[in-house]
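Got a minute to go through the salt bridges in this one? Let's take them pair by pair and check each label against its cut-off.

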Amino acid sequence: MASHVVSAMAVTPSGPKRNLHCWSELPLDLMRLVFERLGFADFERAKSICPSWRSASRQSKPNNQIPWMFLIPKDKKLRSPSSCVATYGSWLLLITYTEEVYLYNPYILNLLIGERINVPSFESNYGLISPVLWIDEKTKDYLVIVMFDEENAVSIKKGDSSWKPITQLSLSSIEDCFNMIYKDHKLYFLNYYKLTIFDFSGHVPLQVFKISVRGCVKRAVGGAIRLPGTIPCKRYWACYKNNMVVTVDGDVLIVNSMREGMSYIWNFKIYKMGSSMGRKWEEVVSLGDEAILLELGITVLAKDMEGIKRNSIYFNGSDLVNPYDKNDVFIFNLDSKKVEHPHQFVCSSVLCSNARWFLPSFKRECLIIVNIWRASY
């Protein structure tokens with residue numbers, strides 16, 4: 001980008017030369033519009049053009065975020081007493097558990113700057129099913145929603161002293177719910193029968209959409225199932241997992257993964273709501289320039305994102321348990337139909353578990369980190 005920055009001089013009718021196209025003197029509002037359209041890599045290059053552009057960059061942020069990963073070592077001596085169960089932006093939802101009384105102690109943590117928000121504890125014999133987190137980076141308003149059991153959802157927000165049942169969600173909509181996503185003030189529920197969307201932008205959640213997922217969602221079954229690359233006539237336990245994903249453009253995908261109990265072979269199928277008459281769901285064979293972060297339930301634009309492969313699914317292998325796994329983080333390449341390992345810095349000699357993706361904002365947090373780094377020199 002810097003190579004395109006020029007200073008064109010011209011002769012005016014009065015005689016002296018003057019600068020007609022000085023890129024360093026663009027209005028601040030115009031420079032903000034430029035920065036807001038840049039990805040992370042171009043954003044970093046653009047702010048190094050000149051002092052005025054660097055100044056404008058401090059009031060902007062890149063339009064796509066670089067995914068980061070949170071890993072916990074499997075070594076029992078290093079294991080953290082907390083489990084990360086959800087993320088939003090730079091924030092992690094962590095849980096400590098008191099087994100004797102089935103007590104869960106959640107808290108929200110900004111891993112980059114160490115800021116912590118405590119959340120009221122609660123008791124449950126079922127554990128946490130598909131928890132979701134939302135938090136406003138500026139006001140610190142937050143919302144946490146979990147399935148208290150297979151049929152009841154509860155929530156807590158900033159200012160609440162205890163968890164509250166979400167009575168507006170009908171039992172028939174959330175029964176056997178195993179996957180939830182919260183994005184743009186909408187809560188997406190997925191169970192074995194249907195996908196339901198609720199709008200949380202008002203005071204009362206409202207159901208705004210519902211559709212059958214027959215044919216897209218599968219249950220785990222045992223039996224004589226042969227997958228590609230396996231030995232015929234041998235009984236295996238087929239492990240299925242179903243996830244929702246909301247794309248960059250707001251489309252909803254259902255990702256069905258299947259794996260043998262003792263194999264490294266995965267099969268993935270992706271379904272999207274069809275536009276043609278009579279076909280509610282259509283199989284997707286390519287994600288184009290996007291990549292799926294399965295645990296976050298989103299896609300990211302990987303075209304200009306260093307380290308993220310386009311047309312791929314990033315997933316946590318521990319969700320499909322295999323005692324022979326050496327690492328939990330994998331990539332399924334939709335072009336080659338093969339599972340790949342991530343970069344060496346992720347697949348290190350230290351065995352990891354409970355891998356979680358998160359998307360730091362690279363504005364307030366990075367400014368604090370840079371200031372700390374400068375102060376150390």
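Q: Why is the contact between Asp 335 and Arg 310 called a salt bridge?
A: In this predicted model, their side chains meet with N and O 3.9 Å apart. The cut-off for such a nitrogen and carboxyl oxygen is within 4 Å, so the pair qualifies.

Q: What parts does the pair of Asp 335 and Arg 310 tie together?
A: Asp 335 sits in the loop between β25 and β26, and Arg 310 in the loop between β23 and β24, so the linked parts are 25 residues apart in sequence.

Q: What makes Asp 335 count as exposed?
A: Its relative accessibility is 53%, and exposed means over 50%, so the label fits. Arg 310 has 38%, which lies between the 20% and 50% limits, so Arg 310 is called partly exposed.

Q: How do you know that Lys 272 and Asp 251 form a salt bridge?
A: The N to O distance is 3.4 Å. That is within 4 Å, so the name applies. Lys 272 lies in strand β20 and Asp 251 in the loop between β18 and β19, so this pair links parts 21 residues apart in sequence.

Q: Why is Lys 158 said to pair with Asp 141?
A: Their closest N and O atoms are 3.8 Å apart, and the limit is within 4 Å, so this is a salt bridge too. Both Lys 158, at 43%, and Asp 141, at 35%, are partly exposed.

Q: How many salt bridges does the structure hold?
A: Seven.

Conventions. Residues numbered from 1 in each chain as written. Predicted model: local features only at pLDDT ≥ 70, side-chain atom pairs only at ≥ 80, totals over all residues. Heavy atoms only, no water. Buried < 20%, exposed > 50% of the residue type's maximum accessible area, 1.4 Å probe, protein only. Helix = DSSP H or I, 4+ residues; strand = E, 2+ residues; numbered from the N terminus.
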